[in-house]
Amino acid sequence: MDLILWRHAEAEEGDETVDDMVRCLTPRGVKQAHRMAQWLDRNLPESTRVLASPAHRTEQTVRAMGRRYKLRPELAPGCSPEQLLAAAQWPDSKAAVLVVGHQPTLGQTIAQLLGMGDVELSVRKGAVWWLRRRDRDGLAQTVVVTVQAPELL
């Protein structure tokens, strides 16, 4: 199974007067989302299931791809790695799954899948981590296929 984790692109700063769920992408974030969306669209299998947090900034990010997607409330800011993996049906999904979400959950999920324990990896805004589950000699392994940042596209 392939699990592709995409952090939403750069968003407006929030504070206590702004509802976190309605924050929008900045102009730079819109460019990041479009660059990464083009790369993903060229490289993702057609059968990829696309799931996104219901936060406005993640929906803006995923819309740049022009593919069908589902908003999943369990992927909202503050969700746990376990909730993310359950939504993605890791490691049992027959199709690749793209999840558009937030820090720190994405970094925590990556660390957990790579056997790093309870550390938190930093995932840049707009970046993608592509992971693959495989069996090798009867052992399940998680392999990093690629890590891509929008600035490098």
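**Pocket**

I started with the largest pocket, whose volume comes to about 150 Å³. The model is predicted, and I read every entry below with that in mind. I then listed the residues that line the largest pocket: Thr-48, Arg-49, Val-50, Leu-51, Arg-68, Tyr-69, Lys-70 and Arg-72. By character, this lining splits into 3 nonpolar, 1 polar and 4 charged residues. Which element gives the most to the lining? I found strand β2, residues 49-52, with 3 residues.

**Strand pairing**

From β2 I moved on to its partner. β2 and β4 run parallel and are joined by 4 bridges. I noted Ala-52, whose bridge partner in β4 is Val-100. β1 also pairs with β4 in the parallel sense, over 5 bridges. There I looked up Trp-6, and its bridge partner in β4 is again Val-100. I therefore have Val-100 down as bridge partner to Trp-6 and to Ala-52, by the DSSP strand assignment.

**β4**

Is β4 covered or open? I counted 5 of its 5 residues as buried, so by the under 20% cut-off β4 is mostly covered. In a regular strand the side chains alternate between the two faces of the sheet. I checked each face of β4 in turn. Val-97, Val-99 and Gly-101 lie on one side, Leu-98 and Val-100 lie on the other, and all are buried.

**α2**

Next I took helix α2, residues 56-63. It is mostly covered, with 6 of its 8 residues buried. I wrote down the buried ones: Arg-57, Thr-58, Glu-59, Gln-60, Thr-61 and Val-62. What covers them? My list includes β1, α1 (27-43), β2, β3 (70-71) and β4.

**Cores**

I turned to the nonpolar cores. The largest has 21 residues. Leu-3, Leu-5, Leu-84, Val-97, Val-99 and Ile-110 have the most contacts inside it. The elements giving two or more residues to this core are β1 (2-7), α3 (81-88), β4 (97-101), α4 (105-113) and β5 (128-136). Apart from it I found another core, of 16 residues, including Met-36, Ala-37, Leu-40 and Met-65.

I followed Ile-110 outward from the largest core. Setting aside neighbours within four places in sequence, I found Ile-110 in contact with Leu-5, Leu-121, Val-123, Trp-129 and Leu-131.

**α4**

Ile-110 is one of the buried residues of α4, and I examined that helix next. Why do I call α4 largely enclosed by the rest of the structure? Because 7 of its 9 residues are buried. They are Thr-105, Leu-106, Gly-107, Thr-109, Ile-110, Ala-111 and Leu-113. These buried residues pack against β1, α3, β4, β5 and β6 (139-148).

**After α4**

I read on past the end of the helix. Just after α4, Gly-115 takes a positive phi of about 75°. Met-116 sits in the loop between α4 and β5. How does Met-116 count for exposure? Its relative accessibility is 39%, so I entered Met-116 as partly exposed, the class between the 20% and 50% cut-offs. Not counting residues up to four places away in sequence, Met-116 touches Ala-111 and Leu-121. Leu-121 also appears in my contact list for Ile-110, and Ala-111 is among the buried residues of α4.

Methods. Residues are numbered from 1 along each chain as its sequence is written. This is a predicted model: local features need pLDDT of at least 70, side-chain atom pairs count only at pLDDT 80 or more; totals for chains, interfaces and linings use all residues. Side-chain values use heavy atoms; hydrogens and water are left out. A nonpolar core is a set of buried Ala, Val, Leu, Ile, Met, Phe, Trp, Tyr and Cys residues joined through side-chain atoms within 4.5 Å. Buried means under 20% relative accessible area, exposed over 50%, partly exposed in between (1.4 Å probe, protein chains only). Contact means heavy atoms within 4.5 Å. On a 1 Å grid over the protein atoms alone, a cavity is a set of points where a 1.4 Å probe fits but cannot get out, and a pocket is an open set with protein on both sides within 12 Å along at least five of seven lines; lining residues have an atom within 4 Å of a point. Grid points are joined across faces, edges and corners, and a volume is the space filled by probe spheres set on the points. Ala, Val, Leu, Ile, Met, Phe, Trp, Tyr, Cys and Pro count as nonpolar, Asp, Glu, Lys and Arg as charged, and the others, Gly among them, as polar. Two strands pair if DSSP finds at least two bridges between them.
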